[in-house]
Amino acid sequence: MPYNQLIHSLLIRNQLYCKHMLTWINNLGKKFQRFAPLVMRLGLAIVFLLFAYQKLSLSTASQGSAEIQLLFSLGIGPAAAINFYVGLLEIFIGIFLLSGFQVRIAGLIASGMVFFIFIAYLRQQGLSIQPDLYRDLGLSAMGFALFLLGNGKPEQTPPSTPQQ
């Protein structure tokens, strides 16, 4: 078999394999698509519970997280009070998301809170290449997606009554 024919047959075989793999991946994604809100909800809940743990468990001397320092610099109130209340809000958001209770409200509050911190940072520091800043934008988008999707269960519509 000449070299060109060998290369051609390998390329054809590779294309068929790639097409088969893409079809398999798409079918797998469609099969498990209904679990997407659950995965987002649990992932965001863990993040918010870890944020709350960071804010509420550390000593006040080491609670200088960037978000709290930013809010403190805006003149909202004392840093310790802001830290405490933001930590409590993060606990409630995490518990609501973890339990699946009022997911739309928790997602909207989570999205708004993180987006507010993002905007406040941009107003004070300007655009910069800081991964934490853009991570927060992704978390805000996840919260907003949960607001749109809810906890992923289909809405129950009452059965229609036949008209006579």
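In which helix is the place of serine 111? That is a good way into this predicted model, and the first close-up gives the reply.

**View 1. Serine 111 sits in helix α5.** With a relative accessible area of 7%, serine 111 is buried, because anything under 20% counts that way. Setting aside residues up to four places away in sequence, serine 111 touches Ser140, Gly143 and Phe144. Have a go at finding those three partners around the serine 111 side chain.

**View 2. Helix α5 covers residues 103-125.** This helix has 23 residues, and from its first C-alpha to its last it reaches 32 Å. That is close to the 33 Å expected at 1.5 Å a residue. Plenty of names turn up on the buried list for α5, including Val103, Ala106, Gly107, Ala110, Met113 and Val114. Ile117, Phe118, Ala120 and Tyr121 are also among the buried residues of α5. What follows the helix is glycine 126, and its phi is positive, near 80°.

**View 3. Helix α2 has its buried residues along one face.** The 22 residues of α2 should span 32 Å at 1.5 Å a residue, and the end C-alpha atoms are 31 Å apart, which agrees. Pro37, Arg41, Leu44, Ala45, Phe48, Phe51, Ala52 and Lys55 are the buried residues here. Look down the axis of α2 and these buried residues fall within an arc of 130°, so they line one face of the helix. Now check the face turned away from that buried side: Val39, Leu50 and Tyr53 are exposed there.

**View 4. Glutamate 90 and lysine 55 form a salt bridge between their side chains.** Side chains of opposite charge can pair when their charged atoms come close. In this pair, the N to O distance is 3.2 Å. Glutamate 90 belongs to helix α4 (residues 79-99) and lysine 55 to helix α2, so the pair ties together parts that are 35 residues apart in sequence. Are the two partners buried or exposed? Both glutamate 90 and lysine 55 are buried.

**View 5. Arginine 135 and aspartate 136 make another salt bridge.** Their closest N and O atoms are 3.0 Å apart. The two residues get different labels, because arginine 135 has 36% relative accessibility and counts as partly exposed, while aspartate 136 has 7% and counts as buried. The count of salt bridges comes to two.

**View 6. A nonpolar patch lies on the surface.** The patch is formed by Trp24, Ile25, Leu28, Phe32, Phe35, Leu38, Val39, Leu42 and Leu98, with about 790 Å² of accessible area together. Which helices each supply at least two of the patch residues? They are α1 (3-31) and α2 (36-57). Pick out leucine 38, one of the patch residues, whose place is in helix α2. Leucine 38 is partly exposed, with a relative accessible area of 31%.

**View 7. Zoom back out and the chain shows six helices and zero strands.** From the N terminus on, the elements run α-α-α-α-α-α. Of the 164 residues, 25% count as buried. The chain exposes about 11700 Å², and carbon and sulfur atoms supply 68% of that area. As for contacts with a separation of 6 or more, 70% come from residues 24 or more positions apart.

How values were computed: Residues are numbered from 1 along each chain as its sequence is written. Side-chain values use heavy atoms; hydrogens and water are left out. Patches are made of residues with over 30% relative accessible area and no salt bridge: like charges are joined within 9 Å, nonpolar side chains (Val, Leu, Ile, Met, Phe, Trp, Tyr) within 5 Å. Accessible areas come from the Shrake-Rupley method with a 1.4 Å probe; for residues, only the protein chains shown count as cover. A salt bridge is a side-chain nitrogen of Lys or Arg within 4 Å of a carboxyl oxygen of Asp or Glu. Helices (H or I, at least four residues) and strands (E, at least two) are DSSP runs, numbered from the N terminus. Buried means under 20% relative accessible area, exposed over 50%, partly exposed in between (1.4 Å probe, protein chains only). Contact means heavy atoms within 4.5 Å. The expected span of a helix is 1.5 Å times one less than its number of residues. The arc is that of the directions from the helix axis to the C-beta atoms.
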